[in-house]
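Visitor: I am new to this structure. Please take me closely through one part of it, the sheet at the meeting of the two chains, and then show me what surrounds it.

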Amino acid sequence: MEKTRKTRRDFLKLAGSLCFTGYIGLSPFKLFGKPELSEVEARFYEKIPGGKVRCLLCPNLCVRASGETGQCRVRENVNGSYFTRVYGNPCVIAIDPVEKCPLFHYQLPNPAFSIATAGCNLFCHYCQNWAFSQKGPAETKNYSLTPAQVIDKALEYKSGAISFFYTEPTIYIEYLIDIARMAREVSLPCIMVTAGFINPEPLKELLPLIDAFTVGLKGFNNDFFRKHVGGSLEPVLETLKLIHAAGRHLEIVTLLVPTLNDQAEAIKAEIDWIKANLGVSVPLHFTRFNPQYRLMQVPPTPASILDKARKEAINAGLQYVYTGNLPGHEGNHTYCPKCGRLVVERLSFKVLNNNHEDGKCLNCGFRLPGKW
Amino acid sequence: MYLEDNMYISPRSAGRLMLLLVFLLFCPSFANTAQAVPRVQGMEELEELREEISLLNLLRGLYLSEDQLMQLCEIAVEADNAVKSTASPILRDRKEIVATFADLRNRLFMAPGQETQSQQKAQQINDRLKEAQENVREHLARLETRMASVMTSAQLEIIEGFVPCLIPPRDLKNPVRVGQAGAAEGPLARMTELIYATPEDVWNERKMILIGKVVQKIEEESGKLSDAMRNDLLNRLSATAKKIRTTDPVDFALKKGDLADELLLIDHTRRGARGHKALGKVGKWFLSETALRILPRWKDAMAAGMDQVTEADSTND
C-alpha cells in the first residue's frame with residue numbers, strides 16, 4: 001500500500017519551500033499552476049512604486065501589493081502586474097429572458113445567453129446571487145469558455161443576445177470586451193446589467209459595444225450605499241448620464257428594501273433626478289426585496305410600497321414605471337403614455353400580449369421608445 | 001324559515017339545506033352520483049376551511065386592484081343569486097322529491113315489476129333537476145366569461161396554473177426574481193442535478209436505488225403500477241438518466257430545465273378534454289360560496305392595509 005501520510009518534517013519542508021519561492025518572487029500560482037483560473041493581464045490599472053498596482057476600473061481604486069486581490073476578488077497583483085482571474089471562466093451560464101434583467105423595452109425574438117463570473121466590486125447585503133458574487137473564482141465551480149466558444153454556444157442555442165448578468169460585469173471587463181467585439185461580428189446584441197459603479201474611461205470603451213444597459217440604481221441615499229452596498233451614489237449617477245448621452249438603450253432598476261431605502265423622500269429624489277437628467281421616457285423598475293444574504297431579518301417589501309413608488313413616479317411624469325417581483329401586478333405591464341391602453345401585457349418575465357406594431361400603440365399610434 | 005305550517009327550520013339549517021341542494025345542482029345527475037370513496041361525515045367544516053385557505057393563497061398571488069375586487073364581488077353575488085333562484089322551487093318541492101326517490105328505493109326491495117310507476121316519476125324529477133342544473137351551468141358560464149374579462153391575462157394564467165394548497169408553491173409565494181441566477185428549482189431539477197453530479201462509481205452502484213425512488217414517488221402519487229409498467233418506467237428513466245449524465249457541462253447548465261422535464265416522461269402540452277359547459281378554473285374559484293365569503297373580507301383587509309408585513313419571511317433562498 002502506498003504511504004500517503006505526511007510527517008512533520010515533510011510539512012516543514014513544504015512550508016519552507018513555499019516561503020522561499022514567495023520570497024524570490026514566484027507566486028504559488030506560477031509554481032503549481034491553477035489551470036482553472038485565467039492568467040490574462042488586466043487592463044485599466046497603473047503600476048505604482050513598491051511592486052504595487054492601482055486599479056482604475058471602478059471608483060474603489062484598489063491599491064494592491066503582490067499576491068493581493070482587489071475588492072472584487074477577481075483581479076490580482078502578481079509580481080507588480082495586475083491579472084484577471086476570471087477571463088474565460090464564467091461560473092454561471094444560462095438562457096434567460098431579457099425581461100429578467102429587467103429590460104421591458106428591448107424585445108428580442110429569443111432569450112439571451114447569459115453569463116457571469118465570480119466576484120463583485122460591491123457587497124450588497126441583500127444580494128440574491130451572493131453565493132458567487134461574494135466569492136472569488138477559486139471558491140466557485142467555473143466553466144471554461146473562451147469568447148469564441150461563448151459566441152458559438154449562443155448561436156447554437158439561437159440566443160437573441162449575449163447578456164452580462166447576475167454579478168457585476170465591470171469586474172471581468174477584459175473578457176466582456178472580447179466577447180462583445182466578437183458578438184458584433186455576428187450581429188448579436190449585447191446587454192449589460194450593472195450597478196453602474198465603474199469609472200468613466202472603461203465605461204466609454206464599453207459604450208460602443210453594449211446595446212442595452214440595465215443599471216441598478218441601488219437607492220438614492222449615500223448612507224444606504226455606504227452601509228449596505230459598499231459604493232457611493234455619485235459615480236453611478238455619472239454612469240447613468242454617460243450611457244444616456246451615448247444614446248444606448250437604458251433601463252433603471254431600484255430594489256426597494258423596507259426601512260432601508262424605501263423612504264418617500266429618497267424615492268422622490270430619485271424620480272426627480274431621473275426626470276431632470278435622463279428624461280421621462282427612461283423605463284424605471286421598482287422591484288420587491290425578499291430576505292437574502294445578510295438581510296434575512298428584514299421583511300419582504302409590501303406590495304403597497306412598490307405600488308406607491310410607481311404611482312408617485314407616474315404622477316411626476318415618468319412614462320414607463322414598473323413593479324417587479326410581483327407577478328400578476330398591474331405594474332408588470334406597459335401602458336401607452338398617450339392613450340393609456342395596455343400595450344404589452346406580461347406575467348413576470350413572460351410577454352403574454354403585444355398590442356403594438358414595431359413599438360407603435362395599436363390604438364393611437366404613439367411610438368414607444370426601445371427596440372421592438 | 002317555514003316549510004310547512006308546523007315545521008320550522010332555523011336559518012342555519014336552512015342555509016345547510018340550501019348548500020346541500022346547491023351541491024346537488026352542481027353534482028352530475030343522480031345517474032352517476034355513486035361515490036367511489038365513502039365521504040367522511042362531520043369533516044365538512046375542515047373542507048370549507050381548506051378551500052378558503054387555498055382561495056386566500058391564490059388571492060395573495062393575484063394582486064387584484066380595488067376595482068377588480070369590487071367587480072368580482074358583484075359577479076360572485078350574482079352567481080349566488082342565480083343558484084338560489086334555481087334552487088328555491090326545488091327546495092319548495094323538497095319533500096315530494098325525497099319521497100319519490102325513497103319510494104323508488106323501497107320498491108326495489110320488492111318483487112320486480114312493482115317499481116315501474118315510481119321509476120317514471122323519479123325519472124321526471126331527475127330530468128327536472130338536470131334541466132335546472134344545465135340552466136345554472138349556462139348562467140354561471142356566462143358569469144365566468146364576465147369574470148375573466150375583469151382580470152388580466154397574467155392573472156388568468158396564474159389562476160390556470162394554481163392548485164389548491166395549504167402552503168403556496170414556491171413560485172407563487174416567492175417567484176424567481178429580477179436578476180436572480182437560476183430558475184425556481186423543484187425536486188425534479190434537484191434530482192437532475194443529483195443524477196448529473198453523482199460520481200461514476202457511486203452511480204454504477206446505486207443508480208437503480210435512485211431511479212427506484214422516483215418510481216416509488218410516482219406510485220405514491222398515482223397508485224400502484226403493475227410489474228410490467230414498473231419495469232418499463234425503470235427502463236425509460238434509466239435511458240433518460242444516461243442522457244443526462246452524458247451531457248457536456250456547458251450544455252447541462254443551459255438545458256437543465258429541459259432535462260428535468262424529460263424525467264417526467266409525460267407530454268406537458270397534452271391537456272385533458274374539457275366538458276362543453278364545465279366551469280373553468282376562474283368559475284370554480286370565484287363563483288363559489290367560498291369566494292362569496294372570502295372576497296368581501298379580502299377587500300376589507302386590503303383596504304385596511306393588510307399587506308404591511310411586520311415579520312421577516314423565513315424563506316431562505
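Guide:
**The sheet and its surroundings**

In chain A, strands 15, 16 and 17 make an open sheet of 3 strands, in the order 15-16-17, with antiparallel pairing. Strands here are DSSP runs of E, at least two residues long, and helices are runs of H or I, at least four; both are numbered from the N terminus. Two strands pair if DSSP finds at least two bridges between them. Strand 15 (334-335) and strand 17 of chain A are the edges; each has a single partner strand, so one side of each has no neighbour in the sheet. Strands of a sheet pair through backbone hydrogen bonds, either parallel or antiparallel.

Look at strand 16 and strand 17 of chain A. They run antiparallel, joined by 4 bridges. One residue pair to find is A:V344 with its bridge partner A:N354 in strand 17.

The model is predicted: local features need pLDDT of at least 70, side-chain atom pairs count only at pLDDT 80 or more, and totals for chains, interfaces and linings use all residues. Residues are numbered from 1 along each chain as its sequence is written, while chains are lettered from A and ligands numbered from 1 in the order in which they are written.

Now bring in chain B. Its helix 6 (residues 153-161) lies across strand 16 and strand 17 of chain A, at about 20 degrees to strand 16. Axes are lines fitted to C-alpha atoms, for helices over the stretch in contact, and angles run from 0 to 180 degrees between N-to-C directions.

Step back to the whole interface. There, 41 residues of chain A are in contact with 31 residues of chain B. Contact means C-beta atoms, placed from the backbone, within 7 Å. On the chain A side, two or more residues come from each of strand 7 (92-96), helix 10 (303-315), strand 16 (342-347) and strand 17 (350-354). Strand 7 of chain A gives the largest share, 4 residues. By type, this side has 23 nonpolar, 13 polar and 5 charged residues. Nonpolar covers Ala, Val, Leu, Ile, Met, Phe, Trp, Tyr, Cys and Pro; charged covers Asp, Glu, Lys and Arg; the others, Gly among them, are polar.

How sure is the predictor? The complex has an ipTM of 0.78 and a pTM of 0.78. Chain B averages a pLDDT of 79, and 77% of its residues score at least 70. pLDDT is the predictor's confidence in each residue, from 0 to 100.

Notes:
Two residues are in contact if their C-beta atoms, placed from the backbone, lie within 7 Å.
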